[in-house]
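Me: I am new to reading structures, and I would like a close look at one part of this one. Could you walk me through a strand in the middle of a sheet and what surrounds it?

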Amino acid sequence: MRLLHTSDWHLGRTFHRESLHDAQRAFLDHLVAVVRDRGVDAVLVAGDVYDRALPGLEAVALFDDVLHRLAGLGVPTVFISGNHDSARRLGVGAGLIGRAGVHLRTDPGECAEPVVLADAHGPVSVYGLPYLEPTLVRDRFGLARGGHAAVLGAAMDQVRADLAARPAGTRAVVLAHAFVTGGEPSDSERDIAVGGVAAVPAGVFDGVHYAALGHLHGCQTLAPHLRYSGSPLAYSFSEHEHRKSMWLVDLAADGTVAAERVHCPVPRPLARLRGRLDALLTDERYTAHEQSWVQATLTDPSRPSEPMERLRRRFPHTLQLLFEPEETTTDASASYAARVGGRTDLEIAEGFLRHVRPGAEPDAEELGWLREGFEHVRQSGDRKAELPR
C-alpha cells in the first residue's frame, strides 16, 4: 500500500506578515498532483491543518477545496487535529465527510477506532491519534496524573489492544501529533510542554508498522517506521536550510517500510545574512539572495542610519532586521545605572524602544508622546514638592 504522509500545513499562517495564501494553494495543488500521478492509495495528514483555532475564511476555503479534490480522486484521506487546531471545529461533520472517504480524527475517544483500508495483501488499520493535551484527556484514559508520555502511552495501549483482536497479518499505521524524543525542533513550532513534560519516547509507538508524525517542522527520520514529514513551507528563518517535503511510503505485505521524499514547491528561498551594512549592500557574494526573503543581522559597532530602507533597495524582500554589534564602547558587565549614566530620561526611553523593536526608529508622533509624558511626570513631581508638610 502506498501512503502519502504530510503534516503541519498551518493554513492561514503568514511569514513575518507576508501572506502565504498563494504558496499554500500551490502546495495543495502539488499534493493533489502527487496523489494522482504517483499511485497513492491513502493520504495521511498528521495535524495542524490550520494555524489557529479560529481560522480565517481564506484558510477554510483552501481546506474545503482540497477535501473536494481528494474525494474526487477516490483516495482515502485521514486527518488528525494538532495543537494549533480546534479539534471540535475541525471535526464538525466528520461522520458525513467520512462517507466521501475523508476521515477526520479529532476525538480522543476514537483513538482505537481505525480507518480500515485494504490492498491485495490484506487489511491495513489506520489509527488517528489527535493531539492529546494531558490536562484535558487524563480522565478519559483513566489517569490520575502524567504528561504527554502518559496520555500518548495510554492511547497506544488502546491501539495495541484493538490490533490484537484483528485478523493475523493486519498491518497497523498510526498518525500522531507529538514531540518525540530525538526529533529536531525549529523556532516555528508552538511549545506543547504545558500540562507535563513535552517529549515522549519513541518506544511509545512499538507494535505498529508505521507512525506518521506531525508537530516538528523539519522532515526527519527517527527510525525506518517513525518519521516526521515536516511542514510543507518554511514558517521561520530557523528553517532556512530545510528542504520541505512529504514522505511517499510503501508498506509491504509484511509491514516493512520503504520511503521516498517528495519535495514541495518553494515560493521564495530564505537567506540569513550577517555583516556590516556597507558589506551587505556591495558584496557580490550576496547577489544570489537579492530576491530571497532575508533576515539581516547587522554587526556595525553603531546603528546605521535608515538600515531597513537601505537594505530593501538591494534586497526588496527583507523581512527581519537584527542588531548584534561586533564591538561596543559599553561594558556589558557594567550596572544598568552605569550604562545609562549621563543620559536623559527621554534618551533612555528612546533607547528602550530601539532595543525592543530592532530596525524601527521612534517616529515623530511617538517622540512627542514621550516628551509629553515625561513633562507631565516632571510637573506632577514639582507640584508634590511644593505641598506643605
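Here is where I would like to start: which residue in β14 stands opposite A211?

Reply: Happy to help! Please keep in mind that this is a predicted model. The residue you are after is L226: it is the one in β14 that stands opposite A211. Let's build the picture outward from that pair.

The two strands involved are β12, covering residues 210–214, and β14, covering residues 226–228. They run parallel and are joined by three bridges. Your pair has company, since A212 of β12 stands opposite R227 in β14.

Now look at the other partner of β12. Strand β9 pairs with β12 over five bridges, again in the parallel sense. Here A211 turns up once more: V174 stands opposite A211 in β12. Your residue therefore has a partner in each of two strands under the bridge-based pairing rule: V174 in β9, which spans 171–177, and L226 in β14.

How well is this strand covered? Five of the five residues in β12 are buried. Try following its two faces in the structure. On one side you will find Y210, A212 and G214, and on the other A211 and L213, and all of them are buried. So both faces of β12 are covered, with "buried" standing for under 20% relative accessible area.

Let's step back to the whole sheet. It is an open sheet of six strands, and their order is β7-β8-β9-β12-β14-β13. At its edges sit β7 (115–119) and β13 (220–223), each of which pairs on one side only. Neighbouring strands here are turned against each other by 20° on average, ignoring direction. The pairing in the sheet is mixed, and you can see how by walking from β12 back towards β7.

The next step on that walk is from β9 to β8. These two pair in the parallel sense, over six bridges. V174 makes another appearance: Y127 stands opposite V174 in β9. That gives you a chain of partners to trace by eye, from Y127 to V174, from V174 to A211, and from A211 to L226.

Strand β8 covers residues 122–129 and is mostly covered, with seven of its eight residues buried. On its other side the sense changes, because β7 and β8 pair in the antiparallel sense over five bridges, as found by the DSSP pairing rule. These two strands make a hairpin, with two residues between them. One pair to look for here is L117, which stands opposite V124 in β8.

Next, find the helix that goes with this part of the sheet. Helix α6 (148–164) lies across β8 and β9. Its direction is at about 160° to that of β8. Follow the chain back from α6 and you reach the loop that links α5 (134–137) with α6, where R138 is found.

R138 deserves a pause. It is a buried residue, yet it has no salt bridge. The nearest side chain of opposite charge belongs to E133, at 6.5 Å. A salt bridge needs the charged atoms to be within 4 Å, so that distance does not qualify. R138 does have a polar neighbour, though: the backbone oxygen of G146 is 2.5 Å from a polar atom of its side chain.

To finish, here is how your part fits into the rest. There is another open sheet, with three strands in the order β17-β18-β19 and parallel pairing. Its edge strands, each pairing on one side only, are β17 (270–275) and β19 (318–323). In this sheet the average turn between neighbouring strands is 15°, direction ignored. Between β18 (293–298) and β19 there are five bridges, and Q295 stands opposite Q320 in β19. Helix α8 (307–314) lies across β18 and β19, at about 135° to β19.

Over the whole chain there are 11 helices and 19 strands, and buried residues make up 46% of the 389 residues. Among contacts with a separation of 6 or more, 68% are between residues 24 or more positions apart.

Notes
Residues are numbered from 1 along each chain as its sequence is written. This is a predicted model: local features need pLDDT of at least 70, side-chain atom pairs count only at pLDDT 80 or more; totals for chains, interfaces and linings use all residues. Side-chain values use heavy atoms; hydrogens and water are left out. Helices (H or I, at least four residues) and strands (E, at least two) are DSSP runs, numbered from the N terminus. Axes are lines fitted to C-alpha atoms, for helices over the stretch in contact, and angles run from 0 to 180 degrees between N-to-C directions. Contact means heavy atoms within 4.5 Å. Buried means under 20% relative accessible area, exposed over 50%, partly exposed in between (1.4 Å probe, protein chains only). Lys and Arg count as positive and Asp and Glu as negative; His and the chain ends are not counted. A polar contact is a pair of N or O atoms within 3.5 Å; within protein, one must be able to donate a hydrogen and the other to accept it, and residues adjacent in sequence count only if both atoms are side-chain atoms.
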